[in-house]
Amino acid sequence: MVTADQLDLTMDFDSLKKAGTGLGSAGMIVVDDATCMVAKTLHFSNFFKNESCGQCPPCRMGTNNLAILMTKIESGQGTQKDLDSMLQLCGFVKGTGYCTLVTGASVLVQSSLKLFRHEYEDHIRLQRCPYQDTPAGIVTHS
Ligand code: SF4
């Protein structure tokens, strides 16, 4: 993930790697500031869980557990400990698969938590998604 202040990044492998992200398969999704990044990350965590072929235990269990923890946080049931658990899990499973799917699932969550941690903490503090029932993304972060 990258933020609005990185929009002038050059789209090549080296430039994006230097900026702490990656080109992946060169697909790009742009979201506005009314988007809940926890919900968006959950969406992709579910994608990785569903796409795991299950051959490698760290991927099978890791993608499933990441999706469970993301669901818990997005629904307002999460705790600070869950954030630590997610980062720990990402560290355990990253780079352990036969293919890069589980690494992608981990990097996604790590990047989201690094750039949008305040949104995760808002979900935990308010015990709900702060983007629900608010006009066009007007959210006050503490
Ligand atoms: S890392 Fe790749 S090969 Fe291994 S279980 Fe995940 S999707 Fe399958």
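This report looks at helix H3 and at a few backbone phi angles in a predicted model.

**Helix H3**

Let's start with H3, which runs over residues 57-74 and so counts 18 residues. From its first C-alpha to its last it reaches 25 Å, close to the 26 Å you'd expect at 1.5 Å a residue.

Which residues of H3 are buried? They are Cys59, Gly62, Thr63, Leu66, Ala67, Met70, Ile73 and Glu74. Look down the axis of H3 and these buried residues fall within an arc of 130°, so they line one face of the helix. As a reminder, an α-helix has 3.6 residues a turn, so residues three or four places apart point the same way.

And what sits over that buried set? The cover includes helix H2 (37-51), helix H4 (80-93) and helix H5 (101-126).

**Positive phi angles**

Right after H3 comes Gly76, with a positive phi near 90°. Most residues other than glycine have a negative phi, but Ala26 has a positive one, and Gln127 does too, though it is not a glycine.

| Residue | Phi | Place |
|---|---|---|
| Ala26 | near 70° | loop between helix H1 (13-18) and H2 |
| Gln127 | about 55° | segment after H5 |

Are these two buried or exposed? Ala26 has 8 C-beta neighbours inside 10 Å, so it counts as exposed. Gln127 has 10 C-beta neighbours inside 10 Å and therefore counts as exposed as well. The cut-off behind both calls is 12 or fewer.

Technical notes
Residues numbered from 1 in each chain as written. Predicted model: local features only at pLDDT ≥ 70, side-chain atom pairs only at ≥ 80, totals over all residues. Helix = DSSP H or I, 4+ residues; strand = E, 2+ residues; numbered from the N terminus. Expected span 1.5 Å × (residues − 1). Buried ≥ 20, exposed ≤ 12 C-beta atoms within 10 Å, placed from the backbone. Arc of directions from axis to C-beta. Contact = placed C-beta atoms within 7 Å.
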